[in-house]
Amino acid sequence: MGKEKANMMLVNLLRVSHQYAFAETEVTRGAYVRLRWLRDLYENCVQQGNLDVPARAYLLHLVGCTIFADKSATLVQVGYLELFRDLDMVGTFAWGAAALAFLYENLKDASFYNTRQIAGYMTLLQVWIYEHFPHIVPRQPNSSYEEGKPLSKRWAPLRGTSEVALVQQSLDRLTHADVIRMPYEAHRVYLPFHDVSRYSGYITCGSIVFPHLPERVLRQYGHIQSIPPSPHDSFPVSGILDVHYHFLHYQEHLLEEVYRGPVMTIPGECVDDYLRWYYRISHPNLIPSVDRVADPVPRRVPRVAETFDGVGDVISYQVLFQGISERLQAMFVRELVTPGTELGVLA
């Protein structure tokens with residue numbers, strides 16, 4: 001969107017003067033407005049008793065500092081204002097899917113070595129890490145948290161580490177026993193599971209399109225992970241209109257029961273060939289094996305008496321042994337273990 005179109009949208013939907021809109025886009029040097037500018041506009045309009053304009057200003061500010069946050073942390077695109085033209089329709093949009101698609105796009109950009117910043121809903125990403133990967137970064141429970149409140153309030157933010165190498169080592173040393181696949185079960189009484197989460201297809205945010213494939217993360221749904229089909233064979237579409245149509249009729253595109261597989265009996269359960277397939281087609285390590293050095297910190301092995309998520313069920317011997325087996329299989333697949341040796345036989 002160009003500045004001229006952005007100025008017209010500000011005039012029509014926020015009812016500011018052409019001069020006022022032009023002055024703001026000159027300051028931001030594009031089709032953006034400052035979050036501070038929106039706050040000032042909101043306060044002025046509320047005092048005047050106008051409801052539509054402050055509602056649009058508030059909503060644009062809200063998405064600009066949450067689900068559609070950009071790298072500046074101070075600006076928001078004027079184009080999102082179009083979403084609030086008809087305020088009666090705002091509650092009918094798939095905001096969750098749009099937030100995920102936007103975050104996926106920015107996580108993709110962040111995977112490039114020369115990227116130094118990331119955009120998107122970082123609170124969502126941070127809480128997801130706290131819930132699923134409790135040993136990667138320090139997490140501290142919020143003593144004032146009340147059950148039924150959003151899970152983002154369950155954790156008190158701590159100062160993280162800026163040592164990228166340490167985080168990479170922590171990620172490379174993860175086993176399935178370090179991952180909490182289903183951390184939200186106790187919260188289902190307050191927020192029930194929705195079938196749309198099993199939608200298998202594409203999700204969008206404007207021109208951003210990303211696949212949403214529950215068949216590749218079955219363990220998060222409580223099922224034994226099997227080798228998923230190729231994403232290119234899952235749902236052929238011919239354009240963005242097909243994507244919107246499929247999501248609008250998501251009940252016809254839920255992951256079929258035959259592809260869900262059996263229910264897990266132990267956390268992290270998968271079929272026998274899955275790990276070999278996974279290590280063959282993916283990039284499981286951030287640090288190449290040739291660049292690794294001996295880790296001075298011994299690998300953390302959960303004790304049987306420790307809880308699986310720090311709060312929940314106790315890890316059984318079966319889970320512990322499966323974690324050891326998984327580690328050996330991974331070493332075998334990556335040719336870190338020689339066939340015929342004692343470790344090779346175990347793997």
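## Arg-29 and the overall picture

Is Arg-29 buried or exposed? At 77% relative accessibility, Arg-29 counts as exposed, because anything over 50% is put in that class. This comes from a predicted model, so keep that in mind for everything below. Arg-29 sits in the loop between H2 and E1, and its phi is near 60°, a positive value in a residue other than glycine.

Zooming out, the chain holds 13 helices and six strands. Of its 347 residues, 35% are buried. If you look at contacts between residues at least 6 apart in sequence, 64% of them join residues at least 24 apart.

## Helix H1

Helix H1 covers residues 3-14. How does its length check out? Its twelve residues should span 16 Å at 1.5 Å a residue, and the end C-alpha atoms are 15 Å apart, which agrees.

The buried residues of H1 are Ala-6, Asn-7, Met-9, Leu-10, Val-11, Leu-13 and Leu-14. As a general point, an α-helix has 3.6 residues a turn, so residues three or four places apart point the same way. What covers the buried residues of H1? The cover includes helix H2 (18-28), strand E1 (32-34), helix H3 (35-48) and helix H4 (52-64).

## How H1 meets H2

Two packed helices are described by the angle between their axes and the distance between the axes. For H1 and H2, the angle is about 135° and the axes are 9 Å apart. That makes H1 oblique to H2, since the angle falls outside the parallel, antiparallel and perpendicular ranges, with antiparallel needing over 145 degrees. H1 passes H2 in a right-handed crossing.

On the H1 side, the residues that meet H2 are Lys-3, Asn-7, Met-8, Leu-10 and Val-11. Their partners in H2 are His-18, Ala-21, Phe-22, Thr-25 and Glu-26. By type, the residues of this contact divide into five nonpolar, three polar and two charged. Asn-7, Leu-10 and Val-11 also appear among the buried residues of H1.

## Positive phi values

Most residues other than glycine have a negative phi. Against that background, a few residues deserve a look. Just after H1, Arg-15 takes a positive phi of about 55°. Arg-29, already introduced, has a phi near 60°.

Then there is Ala-73, with a positive phi near 65°. Ala-73 is found in the loop between H4 and strand E2 (75-77). At 60% relative accessibility, Ala-73 counts as exposed, because the cut-off for that class is over 50%.

## Pro-228

Pro-228 lies in the loop between strand E6 (208-212) and helix H8 (231-234). Despite the loop setting, Pro-228 is buried, with a relative accessible area of 9%; the class applies because buried means under 20%.

Which residues touch Pro-228, leaving aside its neighbours within four places in sequence? They are Glu-215, Arg-216, Tyr-274 and Trp-277. Pro-228 and Pro-214 are 14 residues apart in sequence, with 9.5 Å between their C-alpha atoms.

## Trp-128

Trp-128 is part of helix H6 (residues 122-132). With a relative accessible area of 35%, Trp-128 is partly exposed, because that value lies between the 20% and 50% cut-offs.

Setting aside neighbours within four places in sequence, Trp-128 is in contact with Phe-133 and Tyr-184. Trp-128 and Pro-183 are 55 residues apart in sequence and 9.5 Å apart in space, taken C-alpha to C-alpha.

Definitions and conventions. Residues numbered from 1 in each chain as written. Predicted model: local features only at pLDDT ≥ 70, side-chain atom pairs only at ≥ 80, totals over all residues. Heavy atoms only, no water. Helix = DSSP H or I, 4+ residues; strand = E, 2+ residues; numbered from the N terminus. Expected span 1.5 Å × (residues − 1). Buried < 20%, exposed > 50% of the residue type's maximum accessible area, 1.4 Å probe, protein only. Contact = heavy atoms within 4.5 Å. Axes fitted to C-alpha atoms, helices over the stretch in contact; angles between N-to-C directions. Parallel < 35°, antiparallel > 145°, perpendicular 65-115°, else oblique. Left-handed = near helix turned anticlockwise from the far one by under 90°. Nonpolar A, V, L, I, M, F, W, Y, C, P; charged D, E, K, R; others polar.
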